[in-house]
Amino acid sequence: DTSAVGQDIFITRFILNQSMTWSTFYGGDGIDEGLKIDYNDYIHITGYTRSGASFPIKNAGTYTKLPADSFNNAFILRFNGESNTSLIWATGLRDTSNAYGTALNNITATGQYGYHIILGGFSYGSKLSYFGGNPALLTSNGGVDGFIVHFSQPGVPEFERFLGGSGNDYITDLVSHSTGSIVTGYTNSVN
């Protein structure tokens with residue numbers, strides 16, 4: 001159980017007869033909110049945190065530790081799925097302004113990509129600072145932009161991109177299959 005003060009994420013697992021088998025909370029000293037959960041052998045959770053540097057990051061030397069600022073930052077948590085529901089890794093997703101994780105899916109694919117986790121969301125900023133990907137794909141087109149990030153099983157980003165036009169564009173859900181992802185959301189962009 002990881003929590004300081006404030007509003008925390010909670011995760012609770014029930015079995016078919018509705019008996020609770022496991023429950024925990026997770027967060028720092030600010031507002032932390034889980035918005036999407038996915039399960040496929042592992043439990044993945046995304047949302048946003050306003051806890052900044054107090055949000056607990058597993059393997060902080062390897063994964064993004066969030067700065068002490070007043071922005072909302074997206075995150076992704078990975079827990080074991082069945083009997084041992086312990087945290088495997090946690091990382092943050094930072095932008096120049098507020099960023100929210102709102103869509104999540106994990107899939108086992110054949111070929112070069114193997115097992116991967118796909119995170120979708122939206123950002124009010126213009127630069128996802130965690131990643132070193134193709135700058136042309138990470139350039140905001142104005143307003144709010146959706147983002148998609150593919151992680152490998154150990155939580156290493158494989159590729160990422162912004163999606164949006166000159167207005168506001170929000171990714172709210174996604175599905176994945178062995179050859180790619182399909183996202184949905186809403187927009188007021190005309191391009």
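**Exercise 1.** In this predicted model, find which residues L77 touches, not counting residues up to four places away in sequence.

*Solution.* Begin at L77 and gather the residues with heavy atoms within 4.5 Å, since that is the cut-off for a contact. Leaving out residues up to four places away in sequence, the list for L77 reads Y26, I43, H44, I45, F55, L87, W89 and A90. Next, place L77 in its wider setting: the largest nonpolar core has 14 residues, and L77 is one of those that touch the most other members, together with I45, F55 and F79. Then turn to the strands that build this core, where β1 (9-14), β2 (20-26), β4, β5 and β6 each supply at least two residues, and β5 gives the most, with three residues. Finally, note that a second, separate core of 12 residues is present, including L93, A99, I117 and V149.

**Exercise 2.** Work out in what order the four strands of the open sheet lie, and which of them are the edge strands.

*Solution.* Recall first that strands of a sheet pair through backbone hydrogen bonds, either parallel or antiparallel. Here the order is β3-β4-β5-β6, and the pairing is antiparallel. The edge strands, each of which pairs on one side only, are β3 (32-39) and β6 (87-93). From one strand to the next, the twist averages 20°.

**Exercise 3.** Determine how many bridges join strand β4 to strand β5, and which residue stands opposite T49.

*Solution.* Take β4 as residues 42-49 and β5 as residues 73-80, running antiparallel, and count the bridges that join them, which gives eight. Then follow the pairing to T49, which stands opposite N73 in β5.

How values were computed. Residues are numbered from 1 along each chain as its sequence is written. This is a predicted model: local features need pLDDT of at least 70, side-chain atom pairs count only at pLDDT 80 or more; totals for chains, interfaces and linings use all residues. Side-chain values use heavy atoms; hydrogens and water are left out. Two strands pair if DSSP finds at least two bridges between them. Axes are lines fitted to C-alpha atoms, for helices over the stretch in contact, and angles run from 0 to 180 degrees between N-to-C directions. A nonpolar core is a set of buried Ala, Val, Leu, Ile, Met, Phe, Trp, Tyr and Cys residues joined through side-chain atoms within 4.5 Å. Buried means under 20% relative accessible area, exposed over 50%, partly exposed in between (1.4 Å probe, protein chains only).
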